[in-house]
Amino acid sequence: MQTDKKTLFSAAQPSGVPTLGNYLGAIKNWVMLQDEYNCIYSIADLHCLTVRREPKELRAKSLELLALYIACGVDPEKSCLFMQSHVPAHAELTWILNTLAYPGELGRMTQFKDKSKKHADNVNMGLMDYPVLMAADILLYGADVVPIGVDQKQHLELTRDLAIRFNNRYSETFVVPEPIIPGIGAKIMSLQDPERKMSKSDPNENSYVSLLDDEETVIRKFKRAVTDSDNSIRFSADKPGISNLITIYSAVTGENISCTEEKFAGKGYGEFKIAVGETVAAAIAPVRKKTLELLSDKAYLDEVMKNGADRAGYLANKTLSKVYRKVGLYSPERKK
Ligand code: AQP
């Protein structure tokens, strides 16, 4: 780790194939920030257990997500890439932070409320404790910044509150992190219900574009995207469907929203949907190709994972020892 650089932490759950939302809201920025920061990127497999999963599928998706990170441009030589469950300090710090977190504040989290409705038959303690584990992920590495989509803003606020609460109670220990939220692409919406965010675990496959979708599938999903009947390509709060497509096109091409509006002024929705589909398909095609290549070299992926866990474990354990000492857990003296 270079000491003159600030530290950045971010993670995604292997809860499905990452969507265009995960890419534009998070992973794309991770790649751009690699030179500026000491970057630590995790695969949040422990977070995944808050919802019932098929164990075999979780294992496969975890490896696939590692391949996808690398295929998107996250460089394991520059950044630390690791599986959350390979560094036990995440679960250990969660326990300590739990003693400072209140059920009232966790019960108020929007994601907890949404997921409790979605998984009404399995509202478990892990679902409620999700943001505390996320706080442990971030605080273990002294992260100064955390790139996130808008949906995770509330959880990052809680991380900051827990860090400040701990520092006030036990003396200055944790860095209080700042979010980095992308200008365009911070919240990509579902293609079928543009009032809801695009999510990789949405049961309706037409609602999201996955990073492993082929060109034909991507274009088909955009053609079917729900829009309004006004037929003017204009960004507006009362036109959530078409505004979402304008956002996606702008985020992928790097053009601003008004440029996109001008470019497609007077064109019909049909033509615009195909243009968005083709642009997205061209952007993700190399990611798909590279991911499939990487997945055929499991030994390489395992090696990246092991190295990452060693690097992350070293940093995390340093913080955890400090925390244990500060809260008063006894540790025997080591002989020199
Ligand atoms: N629709 C989105 N637009 C922009 N950013 C998004 N992110 C997620 N959805 C969007 C950002 O992606 C990062 C990784 O997210 P995650 O995998 O840890 O969990 P999530 O936010 O719960 O993502 P999903 O796709 O909605 O997963 P499921 O369906 O399993 O719950 C985060 O930085 C997030 O902000």
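## Strands, ligand shell and two single residues

Strand E2, residues 38-43, is largely enclosed by the rest of the structure, because six of its six residues are buried. The model described here is a predicted one. The side chains of E2 point to two sides: Asn38, Ile40 and Ser42 face one way, Cys39, Tyr41 and Ile43 face the other way, and all are buried.

The neighbours of strand E2 come next. Strand E1 pairs with E2 in the parallel sense, and six bridges link the two. Within this pairing, Phe9 stands opposite Ile40 of E2. E1 is itself mostly covered, since five of its six residues are buried. E2 also runs parallel to strand E3 (residues 80-83), to which four bridges join it. Here Tyr41 is the residue that stands opposite Leu81 in E3. Ile40 and Tyr41 point in opposite directions from E2. Together with helix H1, the strands E1 and E2 form a β-α-β unit, and this unit is right-handed.

The ligand is the next topic. The shell around the ligand holds 22 residues, and those that come nearest are Ser15, Asp151, Ser199, Lys200 and Ser201. By class, seven residues of this shell are nonpolar, ten are polar and five are charged. The table lists polar contacts between the protein and the ligand.

| Residue | Part of the residue | Ligand atom | Distance |
|---|---|---|---|
| Gly21 | backbone N or O atom | nitrogen | 3.2 Å |
| Asn22 | polar side-chain atom | oxygen | 3.2 Å |
| Met198 | polar backbone atom | nitrogen | 3.0 Å |

On its own, the ligand has 650 Å² of accessible area, and the protein covers 97% of it. Two elements give two or more residues to the shell around the ligand, namely strand E1 (7-12) and helix H1 (20-32). Of the elements, H1 gives the most, with four residues. The two elements named here, E1 and H1, also belong to the right-handed β-α-β unit with E2.

Two single residues complete the report. Is Ser190 buried or exposed? Ser190 counts as buried, because its relative accessibility is 2%, which lies under the limit of 20%. Ser190 is located in the loop between strand E5 (178-180) and helix H9 (215-223). From this loop position, the side chain of Ser190 reaches two backbone nitrogens: that of Gln192 at 3.1 Å and that of Asp193 at 2.9 Å.

Asn307 belongs to helix H13, which covers residues 298-327. How exposed is Asn307, and what is its relative accessible area? Asn307 is partly exposed, because its relative accessible area is 41%, a value between the limits of 20% and 50%. Asn307 is 124 residues away from Gly183 in sequence, and the two lie 33 Å apart in space, from C-alpha to C-alpha.

Note on methods: Residues are numbered from 1 along each chain as its sequence is written. This is a predicted model: local features need pLDDT of at least 70, side-chain atom pairs count only at pLDDT 80 or more; totals for chains, interfaces and linings use all residues. Side-chain values use heavy atoms; hydrogens and water are left out. A residue is near a molecule or strand if one of its heavy atoms lies within 4 Å of it. A polar contact is a pair of N or O atoms within 3.5 Å; within protein, one must be able to donate a hydrogen and the other to accept it, and residues adjacent in sequence count only if both atoms are side-chain atoms. Accessible areas come from the Shrake-Rupley method with a 1.4 Å probe; for residues, only the protein chains shown count as cover. Ala, Val, Leu, Ile, Met, Phe, Trp, Tyr, Cys and Pro count as nonpolar, Asp, Glu, Lys and Arg as charged, and the others, Gly among them, as polar. Buried means under 20% relative accessible area, exposed over 50%, partly exposed in between (1.4 Å probe, protein chains only). Two strands pair if DSSP finds at least two bridges between them. A crossover is right-handed if, with the strands pointing away from the viewer, the path from the first strand over the helix to the second runs clockwise.
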